[in-house]
Amino acid sequence: MKQLTRITFNSEVIGGKPCIRGMRVTVGTVVGLMAVGRTIPEILKAYPYLEEADMYEALSYAAWQSEEIEVPLWLEL
């Protein structure tokens, strides 16, 4: 996987969710808009401070994340 430079994590911005370049726009927002049929030009018109490269990196991150395996941690008390 190539280095993602546009996806940021900050616990003080949207609770640490993956965001686009430190802004309050999450990867989930971008991918969700695409999932319901919004085009990149439509998203960029709604969020003029985003760039086309942000859209592709959000998709790359989402694709990579979907391949990850989550392993639950069990605590025995």
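Phe 9, Tyr 61 and Trp 64 form one aromatic cluster. The exercises below start from there. The model is predicted, so local features need pLDDT of at least 70 and side-chain atom pairs pLDDT 80 or more, while totals for chains, interfaces and linings use all residues. Numbering runs from 1 along each chain as its sequence is written, and side-chain values use heavy atoms, without hydrogens and water.

**Exercise 1. Classify the ring pair of Tyr 61 and Trp 64, and place both residues.**

Step 1. Take the rule. Rings of Phe, Tyr and Trp (its six-membered ring) pair if their centres lie within 6.5 Å; planes under 30 degrees apart are stacked, over 60 edge-to-face, and the rest tilted.

Step 2. Count. The rule gives three aromatic pairs. One of them joins Tyr 61 and Trp 64: the centres are 5.7 Å apart, the planes meet at 50°, and the pair is tilted.

Step 3. Place the residues. Both sit in helix H3 (residues 52–67), three residues apart, about one turn of the helix. Helices (H or I, at least four residues) and strands (E, at least two) are DSSP runs, numbered from the N terminus.

Step 4. Check exposure. Buried means under 20% relative accessible area, exposed over 50%, partly exposed in between (1.4 Å probe, protein chains only). Tyr 61 has 9%, so Tyr 61 is buried. Trp 64 has 34%, so Trp 64 is partly exposed.

**Exercise 2. Describe how H1 and H3 pack.**

Step 1. Choose the descriptors. Two packed helices are described by the angle between their axes and the distance between the axes. Axes are lines fitted to C-alpha atoms, for helices over the stretch in contact; angles run from 0 to 180 degrees between N-to-C directions.

Step 2. Read the values. Helix H1 (residues 27–35) packs on H3 at about 95°, with the axes 9 Å apart. H1 is therefore roughly perpendicular to H3. The classes are roughly parallel under 35 degrees, roughly antiparallel over 145, roughly perpendicular from 65 to 115, and oblique for the rest.

Step 3. List the contacts (heavy atoms within 4.5 Å). From H1 come Val 27, Val 30, Val 31 and Met 34; they meet Met 55, Ala 58, Leu 59, Tyr 61 and Ala 62 of H3.

Step 4. Sort by class. The contact of H1 with H3 has nine nonpolar, no polar and no charged residues. Here Ala, Val, Leu, Ile, Met, Phe, Trp, Tyr, Cys and Pro count as nonpolar, Asp, Glu, Lys and Arg as charged, and the others, Gly among them, as polar.

**Exercise 3. Find the residues other than glycine with positive phi, and locate them.**

Step 1. Recall the background. Most residues other than glycine have a negative phi.

Step 2. Take Ile 14. Its phi is near 50°. Ile 14 lies in the loop between S1 and S2. At 29% relative accessibility, Ile 14 is partly exposed.

Step 3. Take Arg 21. Its phi is about 45°. Arg 21 belongs to the loop between S2 and H1. With 33%, Arg 21 is partly exposed.

**Exercise 4. Which residues does Thr 26 contact, beyond its neighbours within four places in sequence?**

Step 1. Locate Thr 26. The loop between strand S2 (19–20) and H1 holds Thr 26. At 12% relative accessibility, Thr 26 is buried.

Step 2. Name the partners. Thr 26 is in contact with Ile 14, Lys 17, Pro 18 and Cys 19.
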